Amino acid sequence: MKKDKLKPMLFSVVKNYDGKKFATDIVSGIIVAIIALPLSIALALASGVGPEQGIYTAIVAGFIISFLGGSRVQIAGPTAAFATIVAGIVAKNGMSGLALATVLAGILLILMGFLRLGSLIRFIPYTITTGFTAGIAVTILVGQIKDFLGLTYPKGTVTIETMEKVEAVIKNISTINVQALIVGVVCLAILIIWPYISEKIPGSLIAVIVGILMVKLLKMDVNTIGDLYTISNKLPSFAMPDFSLAMIKNVAPDAVTIAILAAIESLLSCVVADGMINSHHRSNMELIAQGAGNIGSALLGGIPATGAIARTAANIKNGGRTPVAGIVHSIVLVLVLVILMPYAALIPMPTIAAILFMVAYNMCQWRTFVHLCKTSPKSDIVVLVVTFVLTVVFDLVVAIEIGMIMACILFMKRMSDESVVSGWKYYDPEEDPDGIDLKEIPKHVRIYEISGPMFFGDADRLAGVHFKDFTKVIIFRMRGVPALDASAMHAMEQLYDRCEEAGVQMVFSHVNEQPMKTMEKSGFVDKVGRDNFRPHIDDAIEWASNIN
């Protein structure tokens, strides 16, 4: 397997870079920046921070990740996956706590990259990623119902957890603002219909313009971003978070969550992008870039960032083929921040809610969810549904932890069910002259066929091995055993002790490489006798025939 280089993709592609590629990258970068603008603001608000924090994240993290990243076309910035996590951290520890958690997460990501753990992400089951992604989509949707309907909550209403938001919506549904609902419905309709009209201009930009015009020209009583937040068009400035030991201990679990989610999301985005451009990303370099990008974002007033699948796909569709497009996207957003940010105050909150409704719909993968429920084994369906429910009811950390534990336990059970230790039947040529596939076995020899991995989940199967008084040799045919762990090795040693007490010799046939190494390392091969390990079953039977 080709070793994953720790070299930014930008440094590789510049060798054959030319004016034509530069022109397409600039065009793609500008279009992606236009798409990223309303999304970055909407995702920042969903995360419980100011609108400019979303732009800072897209600028700083977007630039660093494109510059250092292991993908040709990855576009990074704030994503929906982080929204509920960030909102919870901000509510609990403030912006300083979020900045510290993001910096620590960045350090973890860099370490993961240097330790070449990029390939390990594939061991997270698809059912878990699908479950928590759908769960995050539901939490985002629930979080935007208030602004979409224009609801008013009594002072002091706590709405951090998803279930608290559901409860608050139900209790205050009578405060619905019909004008806000009209703006939200019109903007949502634009977002749904516009892609059929034009793919060149993003529907979110049209929805923002229409929403502003409706509220201003019709003088509608609808909350705008400016009514709820102070808008700033200042460039991001450096701010060092509180690195006290108490705060580090407080935010450490959040940092781990951010790091794991950033790694999963960014590498999934890279895999999708690889399929679209027939390329191959450098996963470990991408993790290092994600770490550096998140540290930079946190120190310059941003929030956690990762690869954004929708923006990456838009970059590809518009001709972007090198990291230069991502760098251009960040530079364009700097100009937008300085020149156009004051106008963001005019954007109605129902418009932001409509944009996030579409983000939630696009990320929920409901068709995939339903397909998995219809076609997957019951154990996978359980993991999928439990992960989804836990993400909605509790949070992503609990969902991933419980989901992984369940997936591992169910996988081990499945592997254990596949493992078999079965004895061969004795063959009498006079009784079954047509049994050409069976071998003639001396009466004092017993053969057991072992199939499947031997690990702690099924090590006790060896306890079922038994022998008669006339049995002098037991042959264990292990061609179907790819792996043997310490628990199974211990069970094999206990079986050896039983055999030795009964005066029965153990002989092994076709032991694969990993089990053989484990047996050698434990001293089991020397204990049994190296001559009693034979390469083939015929050789083992012949060898056993001569043992009395």
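A residue counts as buried when its relative accessible area is under 20%, as exposed when that area is over 50%, and as partly exposed in between, using a 1.4 Å probe and protein chains only. By that yardstick strand β6 is mostly covered, with 4 of its 5 residues buried; strands here are DSSP runs (E, at least two residues), helices are runs of H or I with at least four, and both are numbered from the N terminus. The model is a predicted one, so to speak of local features takes a pLDDT of at least 70 and side-chain atom pairs count only at pLDDT 80 or more, while totals for chains, interfaces and linings use all residues. Residues are numbered from 1 along each chain as its sequence is written, and side-chain values rest on heavy atoms, with hydrogens and water left out.

Back to the strands. β6 covers residues 505–509 and pairs with β5 in the parallel sense over 5 bridges, pairing being called when DSSP finds at least two bridges between two strands. Within that ladder, Val 473 has Gln 505 as its bridge partner, and Ile 474 sits opposite Met 506. β6 also runs parallel to strand β7 (residues 533–534), joined to it by 2 bridges, and there Phe 508 faces Phe 533.

β5 itself spans residues 473–480, and because 6 of its 8 residues are buried, the strand is largely enclosed by the rest of the structure. Strand β4 (residues 445–451) runs parallel to β5 and is joined to it by 6 bridges, with Ile 447 standing opposite Ile 475. β5, helix α18 (residues 486–501) and β6 together make a right-handed β-α-β unit; right-handed means that, with the strands pointing away from the viewer, the path from the first strand over the helix to the second runs clockwise.

Next, the empty space. Everything here was worked out on a 1 Å grid over the protein atoms alone: a cavity is a set of points where a 1.4 Å probe fits but cannot get out, a pocket is an open set with protein on both sides within 12 Å along at least five of seven lines, and lining residues have an atom within 4 Å of a point. Points are joined across faces, edges and corners, and a volume is the space filled by probe spheres set on them.

The largest pocket holds about 1500 Å³. Its lining runs to 42 residues, with Ile 309, Ala 310, Arg 311, Ala 313 and Asn 362 nearest the centre. Helix α12 gives the most to this lining, 6 residues, and other helices supplying at least two each include α5 (126–149) and α14 (349–364). By type, the lining splits into 26 nonpolar, 11 polar and 5 charged residues, where Ala, Val, Leu, Ile, Met, Phe, Trp, Tyr, Cys and Pro count as nonpolar, Asp, Glu, Lys and Arg as charged, and the others, Gly among them, as polar.

There is 1 cavity of 30 Å³ or more, and the largest cavity has a volume of about 30 Å³. Among the residues lining it are Met 9, Arg 72, Asp 274 and His 281. α10 contributes the largest share of that lining, 3 residues, and the mix is 4 nonpolar, 5 polar and 2 charged.

Finally, Ile 140 belongs to helix α5 and is buried, at a relative accessible area of 4%. Beyond its neighbours within four places in sequence, Ile 140 is in contact with Ala 80, Ala 83, Leu 356, Ala 360 and Met 363, contact meaning heavy atoms within 4.5 Å.
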